[in-house]
Amino acid sequence: MGSYQLIKETINPEALNLQGNKCTLRIEARERGDDVESALSKLDSSSSPSFCRNAASRCMASASGTTRLVSLDVFRGLTVVLMILVDNAGGIFPAINHSPWNGLTLADFVMPFFLFMVGVSLGLAYKNLTCRGAASKKAMFRALKLLTLGVFLQGGYFHGINNLTYGVDMYQIRWMGILQRIAIAYFLAAACEIWLRSDDKVNSELSMLKKYQKQWVVVLMLIALYLLLLYGLYVPDWEYQIPIDASSSGKIYTVKCGVRGDTGPACNAVGMIDRNILGIHHLYGRPIYARTEQCSINSPDYGPLPPDAPSWCQAPFDPEGLLSTVMATVSCLIGLQYGHIIVHFKDHKTRLLQWLVPSCCLVAVAVISAICGMHINKVLYSFSYMCFTTGAAGILLAAIYVLVDVYEYGRFTSVLEWMGKHALMIFILVACNIVPLILQGFYWSQPHNNMLTSIGIGSQG
């Protein structure tokens, strides 16, 4: 097996010595501006043995900082496992399911962790940017693919798991969803990374902050916009209709509000914006607050309405709405800054310090905000929720980085690494009902005779 050795800071690609199976790359300063990456890229592949070319490639990857960090894939894989766990066990153990309103559970970390890692990955993907226009078109195309996929899989009710009905009801199609939120956050973060950074060299923490200062301005603007709308908009009374059967128009419920700055389930600005812009028929029809004590006798699980249930209990509400996506984008943009740390700092201790200090500060800000009355709320994607979950993501990334990339325990996390590399595919198969479609959608004679019942899962009815 070939090995390589670097002597100085710049490379003369012609200075290649072969000694048996050992390939030595002798680095010499030829011209001002030569560096390891450019010199290695000039290495004549036709005149060098394959093992030396491989050594040069590895050397160039190390010099340019493009070596793939296993910890990033492991982090994504762990998030996928968490998603599968809460999706399948949340109904059995409501304590780990999404919080009915205020509060934080295990399931509430999934979405911000995904968004955080999207940002980290963008920081690495756009490290060497050659053409801003082409990069913008590529980012827009990827975002549109995610957006379309999200509307199709999560908005169209193309497959009813319980009654095996097919088709898209355009009157009730859900415009927002998990993939749609990721698409929006991805595009905005990518646009910031492409257009809002300077060409300054980074040699310290302060210089990195200066290089990306415009991106931090966007972060502060998004936070200010969210808080201004959430606490400043006046929410009037509103009404909604629930169909009783196919032949009737349904019952109309009136929700009394007339308040400003309310963060309860009925009268918050997040829901009002979605009802007015998206339309109430295009929101998620099974609201999370239906599991609150006011709306369910089985709280924190779904259940029958209590006798004195308020009028808003059955009203549609989208947990991935427009205003909450504004704050969700901030999670992605902060993750982007963590990706910059990987790009500009190669020392393990420096990276860990640059991750852990802001992460702990975010958690502290979240706790202080919650004590001051700004509740941790996943559905609203509140400021305190964003700070706490993003800080937790940074701490978890640092812990995984130490185990996998510093101490190289990656062989124990190979499954998580694979899942992280195929996170989108697994999400579509598991969370978007593709697997249940396959298991329940194909049957013989009667819908009850499907693959699940054939192996003893479910009732033979």
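## A left-handed bridge

The S-S bond of Cys295 and Cys313 has a torsion of about -80°, so this disulfide is left-handed. Both cysteines lie in the loop between α9 and α10, so the pair ties together parts that are 18 residues apart in sequence. Their sulfurs are 1.9 Å apart, and a disulfide here is a pair of cysteine sulfur atoms within 2.5 Å. Both Cys295 and Cys313 are buried (buried means under 20% relative accessible area, exposed over 50%, and partly exposed in between, with a 1.4 Å probe and protein chains only).

Before going further, a word on the source: this is a predicted model, where local features need pLDDT of at least 70 and side-chain atom pairs count only at pLDDT 80 or more, while totals for chains, interfaces and linings use all residues. Residues are numbered from 1 along each chain as its sequence is written, and side-chain values use heavy atoms, with hydrogens and water left out.

## The other cysteines

How many disulfides does a search of the whole structure find? There are two, and they follow the pattern 1-2, 3-4 when bonded cysteines are counted along the chain. Besides the bridge above, Cys257 is joined to Cys267, with an S to S distance of 2.1 Å. The torsion about that S-S bond is about -85°, so the Cys257 and Cys267 disulfide is left-handed. Cys257 sits in the loop between β5 (251-255) and β6 (259-260), and Cys267 in the loop between β6 and α9, 10 residues apart. Cys257 and Cys267 are buried.

Cys332 is 9.4 Å, sulfur to sulfur, from the closest cysteine sulfur, in Cys192, which is too far for a bond. Cys332 is buried, with a relative accessible area of 0%, whereas Cys372 counts as exposed at 65%.

## Where α9 meets α10

Helix α9 (residues 269-279) packs against helix α10 (residues 322-344) at an angle of about 120°, with the axes 7 Å apart. That makes α9 oblique to α10 (under 35 degrees is roughly parallel, over 145 roughly antiparallel, 65 to 115 roughly perpendicular, and the rest oblique). The angles run from 0 to 180 degrees between N-to-C directions, and the axes are lines fitted to C-alpha atoms over the stretch in contact. Helices are DSSP runs (H or I, at least four residues), as are strands (E, at least two), numbered from the N terminus.

On the α9 side, Ala269, Val270, Ile273, Asp274, Ile277 and Leu278 meet Leu322, Leu323 and Ser324 of α10, where contact means heavy atoms within 4.5 Å.

## A buried glutamate

Glu417 belongs to helix α13 (residues 414-421). Is Glu417 buried or exposed? Glu417 is buried, at 17% relative accessible area. Leaving aside residues up to four places away in sequence, Glu417 touches Val70, Asp73 and Val74.
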